[in-house]
Amino acid sequence: MTKYLLEHDRPNCIGCAACVAVNPKHWVMNDDNKADIIGAPRRPDGWEELEIEQGDFEDDKAAAESCPVNVIHLKNKDNGEKIL
Ligand code: SF4
């Protein structure tokens, strides 16, 4: 099963909450009015990343496509290919 890496450029999130509306399984709003990937550690550069299973790919792709400022990205973890 392919694994994917869900990435969030959190410093550039504008807090519109579209990702939370589309995929509440992986996204939640924080008190600072930016979104968080649920359960994802925050990197020193402020980005968040979470390994996701193939079964969650379509819902996270929909969340990424809903983001008006394109700060949600998906990569194929097996070969490093950037999908979004
Ligand atoms: S859709 Fe994009 S800009 Fe809006 S809260 Fe989610 S990550 Fe932030």
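I began at Cys-19 in this predicted model, and found that, leaving out residues up to four places away in sequence, Cys-19 touches Trp-27, Ala-35, Ala-63, Ser-66, Cys-67 and Ile-72.

I then looked up the largest nonpolar core, which has 13 residues, and noted that Cys-19 is listed with Leu-6, Trp-27, Ala-63, Ala-64 and Ile-72 as having the most contacts inside it. Tracing where this core comes from, I recorded β1, β3 (35-37), α2 and β5 as the elements that give two or more residues to it.

Next I turned to the ligand, and counted 14 residues around it, with Cys-13, Cys-16, Cys-19, Ala-35 and Cys-67 as the closest. Sorting that shell by class, I obtained 11 nonpolar and 3 polar residues, and no charged residue. Cys-19 is thus an entry both in the list of residues closest to the ligand and in the list of those with the most contacts in the core.

For helix α2, which spans residues 57-66, I asked which residues are buried, and noted Asp-60, Ala-63 and Ala-64. These three lie on the same side of α2, because they cover an arc of only 100° around the axis. On the other side of α2, I found Glu-58 and Ala-62 exposed. Following the buried residues of α2 outwards, I listed β1 (3-8), α1 (18-22), β2 (27-29), β4 (48-53) and β5 (72-76) as the elements they pack against.

I then checked the pairing of β1. Strand β1 is joined to β4 by 6 bridges, and the two run antiparallel; within this pair I noted Glu-7 opposite Glu-49 of β4. Strand β1 is also joined to β5, by 5 bridges and again antiparallel, and here I recorded Ile-72 in β5 as the bridge partner of His-8. Ile-72 had already appeared among the contacts of Cys-19.

My last entry concerns His-26, which I located in the loop between α1 and β2. Is His-26 buried or exposed? I count it as buried, because 23 other C-beta atoms lie within 10 Å, where 20 or more are required. Setting aside neighbours within four places in sequence, I found His-26 in contact with Leu-6, Ile-37, Ile-38, Asp-56, Asp-60 and Ala-63. Of these partners, I followed up Asp-56, which is 30 residues from His-26 in sequence and 9.1 Å away in space, C-alpha to C-alpha. Two other partners of His-26, Asp-60 and Ala-63, are among the buried residues I had noted in α2.

Conventions: Residues numbered from 1 in each chain as written. Predicted model: local features only at pLDDT ≥ 70, side-chain atom pairs only at ≥ 80, totals over all residues. Near = placed C-beta within 6 Å. Nonpolar A, V, L, I, M, F, W, Y, C, P; charged D, E, K, R; others polar. Buried ≥ 20, exposed ≤ 12 C-beta atoms within 10 Å, placed from the backbone. Helix = DSSP H or I, 4+ residues; strand = E, 2+ residues; numbered from the N terminus. Arc of directions from axis to C-beta. Contact = placed C-beta atoms within 7 Å. Core = buried A, V, L, I, M, F, W, Y, C linked by C-beta atoms within 7 Å. Pairing = 2+ DSSP bridges.
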